[in-house]
Amino acid sequence: MLTHEQARAFYDRFGSKQDWQRFYEDRAVNDMISHGAFDTASSVFEFGCGTGRLAERLLMQCLPQNVSYLAIDSSPTMINLAQNRLSRFQDRAKVRLSLGDMALDVGPNQFDRFVCTYVMDLLAENDIRAVIREAHRVLAPNGLLCLVSLTHGYTTVCRFVEKLWVSVHSFRPVLVGGCRPVLLHPFLEGPKWNIRHENQISNFGLTSQIIVAEKVAT
Ligand SMILES: C[S@@+](CC[C@H](N)C(=O)[O-])C[C@H]1O[C@@H](n2cnc3c(N)ncnc32)[C@H](O)[C@@H]1O
């Protein structure tokens, strides 16, 4: 795995090239959006917002006018890109640099959507657990956790591409941005989440998992 410092250095260099990944990401993100009931959201938290592409799309096309949107990322380059991109939504969208910590500097029960696309797959398992725990804390009861992540392939072609990807990742994780296929289910088991939507979508041999889960107040 990349350390937080290595991930930050990588995404600082990678910058706007992140948006080139749309060729395999967009269909999965569309699926997440269509199950995330964003038209009824009032406050959204995004973990690892990258260039702000998803935030811009949600603010322009899916969210109500009076929504508040808080996006964080640990890369200063990404934060600059996202800030420029979202400056016209100034009153509704805030972008904040994080130190890469999983502990989020926001109070409990504040958001009704927690969005995270293509970040879980670069975190260590303990960090994935910690982010999901934090998502549960900061979401209001019945709030939705909306995740998209690289996952395991289920066709011959996808399994072949996955094998290549995993070999590159184990040889030099930085060559694939630190990302590797993960399965998110095991992190959402238990009485705390009610999975409302789960799907896998493959594009160009890369498979993404989409999960929309509702916070069950405990
Ligand atoms: C593969 S990119 C995905 C960006 C964006 N979510 C998207 O779907 O285009 C991963 C992003 O997560 C950010 N990131 C990595 N580790 C992080 C951490 N510990 N805390 C916050 N952001 C992190 C990176 O800086 C990068 O912008």
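**Entry 1: the ligand.** Before looking at the ligand I fixed my terms, taking a polar contact to be a pair of N or O atoms within 3.5 Å. I keep in mind throughout that this is a predicted model. With that cut-off I looked up Ser74, and I found one of its polar backbone atoms 3.3 Å from a nitrogen atom of the ligand. I then turned to Gly100, where a polar backbone atom is 3.2 Å from a nitrogen atom of the ligand, and to Asp73, where a polar side-chain atom lies 2.6 Å from an oxygen atom of the ligand. I also noted the areas: the ligand taken alone exposes 590 Å², and the protein buries 96% of that.

**Entry 2: the surroundings of the ligand.** I listed 17 residues around the ligand, of which Gly48, Asp73, Gly100, Thr117 and Tyr118 come nearest. Sorting this shell by class, I counted eight nonpolar, eight polar and one charged residues. When I looked up the pockets, I saw that the space taken by the ligand is the largest one.

**Entry 3: the cavity.** How many cavities of 30 Å³ or more does a search of the whole structure find? I found one, and I wrote down a volume of about 70 Å³ for the largest cavity. Its lining includes Leu150, Cys158, Trp165, Pro181 and Leu206. Strand 5 (139-151), helix 6 (156-171) and strand 7 (206-215) are the elements that each give two or more residues to this lining, and I noted that helix 6 supplies the largest share, four residues. By class, I recorded six nonpolar, four polar and one charged residues in the lining of the largest cavity.

Definitions and conventions:
Residues numbered from 1 in each chain as written. Predicted model: local features only at pLDDT ≥ 70, side-chain atom pairs only at ≥ 80, totals over all residues. Heavy atoms only, no water. Near = heavy atom within 4 Å. Polar contact = N/O pair within 3.5 Å; in protein donor to acceptor, adjacent residues only side chain to side chain. Areas by Shrake-Rupley, 256 points an atom, 1.4 Å probe, with all protein chains shown as cover. 1 Å grid on protein atoms, 1.4 Å probe; cavity = no way out; pocket = protein on both sides within 12 Å on 5 of 7 lines; lining within 4 Å. Sits in = over half its atoms within 2 Å of the grid points. Nonpolar A, V, L, I, M, F, W, Y, C, P; charged D, E, K, R; others polar. Points joined across faces, edges and corners; volume = space filled by probe spheres on them.
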